[in-house]
Amino acid sequence: MLFSMAYSEEKFKKEVFSKIPLRNEPPLPEDWLHIEMLERFRLLRFAPIRKGMNILEVGCGAHAITTVPLVYLVGETGRVVAVDILRWHFFEEITSATGLRHRIIPLKVDARELPFPFKSFDLAVLVHGVRSLKSEETMVKVFAEMLRVAEKVFIAESLPTAKNQAQEAHLEMYNLREYIFEALSGEKDDLHYLPLERLRELLEEAGGRIIESGIFEPNLPHYLAYLRREYVEQIKNEKMRVVLLERWDIAYEKWRNGAEHPPVGWFIVKG
């Protein structure tokens, strides 16, 4: 059976959050990692996850934010192969602290060319990682690879819409990231969120058949738009640096007064 959200959230928080130390990373609150994992846990109730599953996670990221709830949900007999190409800094520390590390197989590979010759997974998951794929062309390639190696695919990403000022505060701060990263490195990263219909089109372009879709309201604070001002100060182009610093200062004042997770679009897809 799919996991019961009402039954398992408190158990998840009790069994997992108690093992993950609070973090001292101001201006983020000490429990920011817990809150982000809770959002992923709530979001994953829409995914077709069962105990004992073999799951591929694309874009696990440095903090294993989706990996931890995923591996908790598949249970002792399940496994998660966690894929990323760059961001691993805290992964071992966090997954080991939870006591769930033995169910995870980390794999440093390019998701555009997965090293699996056939359908090897019950489910492939990409949660809040579409925005890090740097181009729509890459998105289509990654989606196609996920569809090639898994029976079903679950894709979820924040939407560029806001229903209140706190969600607007998140979007205003977040939307600076693409410009800042491009000014610093010469390439895009953390792209602007895609509208739901555009995400659907890219999944279909990759050969996917949408089985189910929806929009999820997390109703939680959201901290991951934050990027330190020092990054902006390092931009060499003076005109661009001045403009982005001004925009950062305005966005930060709104963000610090409270930012909320925008709606999240999700899809269950088959090849």
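Two strands count as paired if DSSP finds at least two bridges between them. With that in hand, meet strand 1 and strand 4 of this predicted model: they run parallel and are joined by three bridges. They belong to an open sheet of seven strands, and the largest pocket of the model holds about 1,500 Å³ of space. Let's walk through the sheet, then the pocket, then a few residues worth finding on screen.

**The sheet as a whole**

- The seven strands of the open sheet come in the order 3-2-1-4-5-7-6, and their pairing is mixed.
- Strand 3 (104–108) and strand 6 (209–216) are the edge strands; each has a single partner strand, so one side of each has no neighbour in the sheet.
- From one strand to the next, the twist averages 20°.
- Helix 3 (residues 67–74) packs on the sheet and touches strand 1, strand 2, strand 3 and strand 4.
- The direction of helix 3 makes about 160° with that of strand 2.
- A handy idea while you look: in a regular strand, side chains alternate between the two faces of the sheet.

**Strand by strand**

- Strand 1 and strand 2 run parallel, with five bridges joining them.
- You can find one residue pair here by looking for Val58, whose bridge partner in strand 2 is Val83.
- Strand 2 is mostly covered, with five of its six residues buried.
- Between strand 1 and strand 4, look for Leu56, which has Ala124 of strand 4 as its bridge partner.
- Strand 4 is also mostly covered: six of its seven residues are buried.
- Strand 4 and strand 5 run parallel too, joined by six bridges.
- Across from Leu123 you will find Lys152, in strand 5.
- In which sense do strand 5 (residues 150–158) and strand 7 (residues 264–270) pair, parallel or antiparallel? They pair in the antiparallel sense, over six bridges.
- Glu157 has Gly265 of strand 7 as its bridge partner.

**The largest pocket**

- Rolling a probe the size of a water molecule over the atoms shows where empty space is left.
- The largest pocket contains about 1,500 Å³ of space, and 50 residues line this pocket.
- Nearest the centre of the largest pocket lie Ala62, Arg87, Ser132, Arg177 and Asp190.
- Several elements give two or more residues to the lining, among them strand 1 (54–58), strand 2 (79–84) and strand 4 (121–127).
- Helices do so as well, including helix 2 (32–43), helix 5 (136–149), helix 6 (165–174) and helix 7 (177–185).
- How many of the lining residues are nonpolar, polar and charged? The lining divides into 27 nonpolar, ten polar and 13 charged residues.

**Backbone surprises**

- Most residues other than glycine have a negative phi, and most peptide bonds are trans.
- Pro26 and Pro27 are joined by a cis peptide bond, with omega about 10°.
- Pro27 sits in the loop between helix 1 (5–16) and helix 2.
- His128 is not a glycine, yet its phi is positive, near 55°.
- His128 belongs to the loop between strand 4 and helix 5.
- Is His128 buried or exposed? Its relative accessible area is 7%, so His128 counts as buried, the cut-off being under 20%.
- Asp190, again a residue other than glycine, has a positive phi near 45°.
- Asp190 is in the loop between helix 7 and helix 8 (196–205), and Asp190 is buried, with a relative accessible area of 7%.

**Two buried residues to explore**

- Ser158 lies in strand 5 and is buried, with a relative accessible area of 1%.
- Setting aside neighbours within four places in sequence, Ser158 is in contact with His128, Arg131, Tyr193, Leu194, His261, Pro262, Pro263 and Val264.
- Phe121 is in strand 4, and at 4% relative accessibility Phe121 counts as buried.
- Not counting residues up to four places away in sequence, Phe121 touches Asn54, Ile55, Leu56, Val81, Phe116, Val149, Ala150 and Glu151.
- How far apart in space are Phe121 and Val149, C-alpha to C-alpha? They are 6.3 Å apart in space, although 28 residues separate them in sequence.

Terms used. Residues numbered from 1 in each chain as written. Predicted model: local features only at pLDDT ≥ 70, side-chain atom pairs only at ≥ 80, totals over all residues. Heavy atoms only, no water. 1 Å grid on protein atoms, 1.4 Å probe; cavity = no way out; pocket = protein on both sides within 12 Å on 5 of 7 lines; lining within 4 Å. Points joined across faces, edges and corners; volume = space filled by probe spheres on them. Helix = DSSP H or I, 4+ residues; strand = E, 2+ residues; numbered from the N terminus. Nonpolar A, V, L, I, M, F, W, Y, C, P; charged D, E, K, R; others polar. Axes fitted to C-alpha atoms, helices over the stretch in contact; angles between N-to-C directions. Contact = heavy atoms within 4.5 Å. Buried < 20%, exposed > 50% of the residue type's maximum accessible area, 1.4 Å probe, protein only.
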